[in-house]
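Colleague: Could you take me through this model slowly, and tell me for each term you use what stands behind it?

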Amino acid sequence: MGKDAFLNKVAGFQRLLLDTNSVIYFLQGISPYDAILNPLFGLFEQQNLEAVISVITETELLVGPLKKDNKEALTMVKLFLNDFPGLKVIPISRQIGQMAAAIRARTNLRLPDALIIATAKHTGCGAIIGNDPAWSKIDTSAAELPEVILLDAYV
């Protein structure tokens, strides 16, 4: 579908949750995803759109650099997490945990995925940007969950 279709799709939202893979693609400049993510992150930088991530995503982003003892990558991830304009990292609360339990019971998703989706719902995100095909099989309207926008559909 392409960059324009992707940007038109996200234009209707005020706040988006970013799944871990979308942040990794952006930070590492992974093609072909960078062609649609760079303009999206530009909207976050200009604060035309709010970006939310779960503390689960924060944890997942830190694991790779820590495992490889890659200080440069670790610094880049921490800089992104602490200073990227328009980005909010949301901790797990009891309310998010309870929402995640209900999501997991209905969908059989793994707990980290259910926690990330519950974070999106709790923070009022209209959509989730990611690339997990299991998430696209969720009937988000029946479960009253944010829409899942898969990056692979636009590259």
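Modeller: Let us start with a single side chain, keeping in mind that this is a predicted model: the side chain of N21 reaches the backbone nitrogen of N131 at 3.3 Å, and N21 itself has its place in helix α2, which covers residues 20–28.

Colleague: What makes the approach of the N21 side chain to the backbone nitrogen of N131 a polar contact?

Modeller: A polar contact needs a pair of N or O atoms within 3.5 Å, and the side chain of N21 reaches the backbone nitrogen of N131 at 3.3 Å, so the distance meets the cut-off. Leaving out residues up to four places away in sequence, N21 touches G130, N131 and D132.

Colleague: Why is N21 called buried?

Modeller: The word buried is kept for residues under 20% relative accessible area, and N21 has 17% relative accessibility, so N21 counts as buried.

Colleague: How do you know whether helix α2 as a whole is enclosed or open?

Modeller: Here one counts residues: seven of the nine residues of α2 are buried, so the helix is largely enclosed by the rest of the structure. The buried ones are T20, N21, S22, V23, Y25, F26 and L27. After α2 comes G29, which has a positive phi near 60°.

Colleague: What can be said of T20, which also lies in helix α2?

Modeller: T20 has 7% relative accessibility, which is under 20%, and therefore T20 counts as buried. Its side chain and that of E60 are joined by a polar contact of 2.3 Å, and, with neighbours within four places in sequence set aside, T20 is in contact with T57, E60, L61 and I116.

Colleague: Which residues make up the network of salt bridges, and what makes each link a salt bridge?

Modeller: The network links R15, E50 and K88. A salt bridge requires a side-chain nitrogen of Lys or Arg within 4 Å of a carboxyl oxygen of Asp or Glu; the side chains of R15 and E50 meet at 3.0 Å, N to O, and the closest N and O atoms of E50 and K88 are 3.5 Å apart, so both pairs satisfy the cut-off.

Colleague: Where in the chain do the partners of these salt bridges lie?

Modeller: R15 is in strand β1 (residues 15–18) and E50 in strand β2 (residues 50–54), and this pair links distant parts of the chain, 35 residues apart. K88 belongs to strand β3 (residues 87–90), so the pair of E50 and K88 ties together parts that are 38 residues apart in sequence.

Colleague: Why are R15, E50 and K88 called partly exposed?

Modeller: Partly exposed lies between buried, under 20%, and exposed, over 50%. R15 has 23% relative accessibility, E50 has a relative accessible area of 23% and K88 has 46%, so each of these values falls in between.

Colleague: How many salt bridges does the structure hold, and what are R110 and D113 like, buried or exposed?

Modeller: The structure holds five salt bridges, and one of them joins R110 to D113, with the closest N and O atoms 3.4 Å apart. R110 has a relative accessible area of 51%, over the 50% limit, and so is exposed, whereas D113 has 7%, under the 20% limit, and so counts as buried.

Colleague: How are helix α1 and helix α3 packed?

Modeller: Two packed helices are described by the angle between their axes and the distance between the axes. Helix α1 (residues 3–11) and helix α3 (residues 34–45) pack at an angle of about 35° with their axes 9 Å apart, and α1 passes α3 in a right-handed crossing. K3, F6, L7 and V10 in α1 meet A35, I36, P39, L40 and L43 in α3, and by class this contact has eight nonpolar, no polar and one charged residues.

Colleague: Lastly, why is L81 called buried?

Modeller: L81, which has its place in helix α5 (residues 71–83), has a relative accessible area of 8%, which is under 20%, and so L81 is buried. Apart from neighbours within four places in sequence, L81 is in contact with I53, E58, L61, L62, L87 and V89.

Conventions. Residues numbered from 1 in each chain as written. Predicted model: local features only at pLDDT ≥ 70, side-chain atom pairs only at ≥ 80, totals over all residues. Heavy atoms only, no water. Helix = DSSP H or I, 4+ residues; strand = E, 2+ residues; numbered from the N terminus. Buried < 20%, exposed > 50% of the residue type's maximum accessible area, 1.4 Å probe, protein only. Axes fitted to C-alpha atoms, helices over the stretch in contact; angles between N-to-C directions. Left-handed = near helix turned anticlockwise from the far one by under 90°. Contact = heavy atoms within 4.5 Å. Nonpolar A, V, L, I, M, F, W, Y, C, P; charged D, E, K, R; others polar. Polar contact = N/O pair within 3.5 Å; in protein donor to acceptor, adjacent residues only side chain to side chain.
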